[in-house]
Amino acid sequence: METRINLFENEVSAKFLKRFANAGLVIQQSPLSHTVQELVSLRASQINGCGWCIDMHTKEATAAGESAVRLHLVAAWRESTVFTEAERAALAFAEEGTRLADAYQGVSDETWAQVRKHYDEDQVAALVCLLGLINAANRVAVIAHQQGGSYEAGMFAAALG
């Protein structure tokens, strides 16, 4: 599989990605922890099969000090002991909010209640926006065949600088 278009070099997509990244800054600067942001982004990207985003979020999380064990277990978080109750709520939210076509109601009331139990209003708002943003990013990257493997921590921010 070859990349179909270099989204960073095309004028239209580069403009879009800069604005997209600016929207992401709002979430990055929110009170939602960086750890939860990366775990949620990684899980949604795994579900959507986005190699570019899996590569990016794994490397960004590692650069921020996340352990390899936890990153390796994100795909099997339900069968793991390394995530807090709050992180588990966020990961369930990520799955249900990403797999909208699999459930008529999207995020279940039970999962929503768990998220509300562990996160305040601003964190919940950031979590909702983050999930929308990462799912959109996954779709853009998958459509363009943006391949994983060459990403280096900080690369996205630098490319859009």
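**Close-ups of an all-helix chain**

**Figure 1. The whole chain, end to end.** Reading from the N terminus, the elements of the protein chain go α-α-α-α-α-α-α-α. The radius of gyration of the protein chain comes out at 15 Å, close to the 15 Å that the globule rule gives for 161 residues, so the chain is as compact as a globular protein of that length. Keep in mind that this is a predicted model. Tallied up, that makes eight helices and zero strands. Lay the C-alpha trace along its principal axes and it spans about 45 × 30 × 30 Å.

**Figure 2. Inside, outside and who touches whom.** Of the 161 residues in the protein chain, 43% are buried. On the outside, the chain exposes about 8700 Å², with carbon and sulfur atoms supplying 56% of that area. As for contacts, take those between residues at least 6 apart in sequence: 71% of them join residues at least 24 apart.

**Figure 3. The largest pocket.** How much space lies in the largest pocket? About 760 Å³. Its lining counts 35 residues, and the ones that lie nearest the centre are A21, Q28, M56, H57 and F156. If you like to sort a lining by chemistry, this one splits into 22 nonpolar, 10 polar and three charged residues.

**Figure 4. Helices around the pocket.** Which helix gives the largest share of the lining of the largest pocket? That would be α1, with 10 residues. Helices that each put at least two residues into this lining are α1 (11-28), α2 (34-48), α3 (51-63), α7 (121-143) and α8 (155-160).

**Figure 5. Zooming in on E96.** Here we're looking at helix α5 (residues 85-98), where E96 sits. Skip the neighbours within four places in sequence, and E96 is in contact with G106, V107, S108 and T111. Take S108 from that set: E96 and S108 are 12 residues apart in sequence, and their C-alpha atoms are 7.4 Å apart in space.

**Figure 6. H145, a backbone oddity in a loop.** H145 belongs to the loop between α7 and α8. Most residues other than glycine have a negative phi. H145 has a phi near 60°, a positive value in a residue other than glycine. Is H145 buried or exposed? The relative accessibility of H145 is 18%, and the cut-off for buried is under 20%, so H145 counts as buried.

Key: Residues are numbered from 1 along each chain as its sequence is written. This is a predicted model: local features need pLDDT of at least 70, side-chain atom pairs count only at pLDDT 80 or more; totals for chains, interfaces and linings use all residues. Side-chain values use heavy atoms; hydrogens and water are left out. On a 1 Å grid over the protein atoms alone, a cavity is a set of points where a 1.4 Å probe fits but cannot get out, and a pocket is an open set with protein on both sides within 12 Å along at least five of seven lines; lining residues have an atom within 4 Å of a point. Grid points are joined across faces, edges and corners, and a volume is the space filled by probe spheres set on the points. Helices (H or I, at least four residues) and strands (E, at least two) are DSSP runs, numbered from the N terminus. Ala, Val, Leu, Ile, Met, Phe, Trp, Tyr, Cys and Pro count as nonpolar, Asp, Glu, Lys and Arg as charged, and the others, Gly among them, as polar. The radius of gyration is taken over C-alpha atoms; the globule rule is 2.2 Å times the number of residues to the power 0.38. Buried means under 20% relative accessible area, exposed over 50%, partly exposed in between (1.4 Å probe, protein chains only). Contact means heavy atoms within 4.5 Å. Accessible areas come from the Shrake-Rupley method with a 1.4 Å probe; for residues, only the protein chains shown count as cover.
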